[in-house]
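Reader: I should like to learn how to read the features of a structural model. May we proceed feature by feature?

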Amino acid sequence: MFAVHASDFRKNMAAMLDRVADNAEPVLITRSGASAAVLLDIAEYNALTETAYLLSNPAMAARLAKGIAEVEAGKTTIRELAE
């Protein structure tokens, strides 16, 4: 994660936005004596919120954990995509 002070962020906002969009790398924006903020690419933000939503449901979280365990145990089947 790249960190920048808010005053430097303001001076270079377009470049910072490009950096986030091009690399999906979050930017930590610090402020003197105040809370920091994080700038995320919209796709990264959407992925985080979707993951949080899915994991907030215990049944869905269990299904996801089961699927991950099956993949890690090699219990998968490779299939061709349908046209």
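**Reading the model**

Author: Let us begin with accessibility. Glu-44 counts as partly exposed, because its relative accessibility is 36%. Please keep in mind that this model is predicted.

Reader: Where does Glu-44 lie, and how far in space is Glu-44 from Leu-64?

Author: Glu-44 belongs to helix 3. Its C-alpha atom is 19 Å from that of Leu-64, and the two residues are 20 apart in sequence.

Reader: Is Tyr-53 buried or exposed?

Author: The class follows from a cut-off: exposed means over 50% relative accessible area. Tyr-53 has 59% relative accessibility and therefore counts as exposed. Tyr-53 is placed in helix 3. Between Tyr-53 and Ala-3 there are 28 Å from C-alpha to C-alpha, with a separation of 50 residues in sequence.

Reader: Into which domains is the chain divided?

Author: Domain 1 covers 2–40 and domain 2 covers 43–73. Taken over C-alpha atoms, the centres of domain 1 and domain 2 are separated by 28 Å.

Reader: How should I read charged side chains, and how many salt bridges does a search of the whole structure find?

Author: The general idea is that side chains of opposite charge can pair when their charged atoms come close. In this model, the search of the whole structure yields one salt bridge. It joins Glu-25 and Arg-19, whose closest N and O atoms are 3.0 Å apart.

Reader: What else does the model show about Arg-19?

Author: Arg-19 also lies over the face of Phe-2, 3.8 Å from the ring centre. Arg-19 counts as partly exposed because its relative accessibility is 28%. As for pairs between aromatic rings, a search of the whole structure finds zero.

Reader: Which side chain of opposite charge is nearest to Asp-41?

Author: That side chain is Arg-19, at a distance of 12 Å. A salt bridge would require a nitrogen within 4 Å of a carboxyl oxygen, so Asp-41 has none. Asp-41 is nevertheless buried. Asp-41 is located in the loop between strand 3 (34–39) and helix 3 (42–56).

Reader: Which residues is Asp-41 in contact with, leaving aside neighbours within four places in sequence?

Author: On that basis, Asp-41 is in contact with Val-20, Ala-21 and Ala-24. Ala-24 merits attention in its own right. Ala-24 is part of the loop between helix 2 (13–23) and strand 2 (27–31).

Reader: What is the phi value of Ala-24, and why does Ala-24 count as partly exposed?

Author: Phi of Ala-24 is near 50 degrees, which is a positive value in a residue other than glycine. Ala-24 counts as partly exposed because its relative accessibility is 32%.

Reader: How may I recognise residues that are separated along the chain and yet meet in space?

Author: One sets the separation in sequence beside the distance in space. Pro-26 offers a case: Pro-26 and Leu-39 are 13 residues apart along the chain, and 5.6 Å separate their C-alpha atoms. Not counting residues up to four places away in sequence, Pro-26 touches Met-1, Phe-2, Val-38, Leu-39 and Leu-40. Pro-26 is in the loop between helix 2 and strand 2. At 23% relative accessibility, Pro-26 therefore counts as partly exposed.

Reader: Where is the place of Ala-6, and which residues does Ala-6 touch, not counting those up to four places away in sequence?

Author: Ala-6 is placed in helix 1, which comprises residues 6–11. With that exclusion, Ala-6 touches Ile-29, Thr-30 and Arg-31. From C-alpha to C-alpha, Ala-6 and Arg-31 are 5.6 Å apart, although 25 residues apart in sequence.

Reader: Why is Ala-6 classed as buried?

Author: The class of buried applies under 20% relative accessible area. Ala-6 has a relative accessible area of 12% and is therefore buried.

Definitions and conventions: Residues are numbered from 1 along each chain as its sequence is written. This is a predicted model: local features need pLDDT of at least 70, side-chain atom pairs count only at pLDDT 80 or more; totals for chains, interfaces and linings use all residues. Side-chain values use heavy atoms; hydrogens and water are left out. Helices (H or I, at least four residues) and strands (E, at least two) are DSSP runs, numbered from the N terminus. Buried means under 20% relative accessible area, exposed over 50%, partly exposed in between (1.4 Å probe, protein chains only). Lys and Arg count as positive and Asp and Glu as negative; His and the chain ends are not counted. Contact means heavy atoms within 4.5 Å. Rings of Phe, Tyr and Trp (its six-membered ring) pair if their centres lie within 6.5 Å; planes under 30 degrees apart count as stacked, over 60 as edge-to-face and the rest as tilted. A charge sits over a ring if NZ of Lys or CZ of Arg is within 6 Å of the ring centre and within 35 degrees of the ring normal. Domain bounds come from an automatic or database domain assignment.
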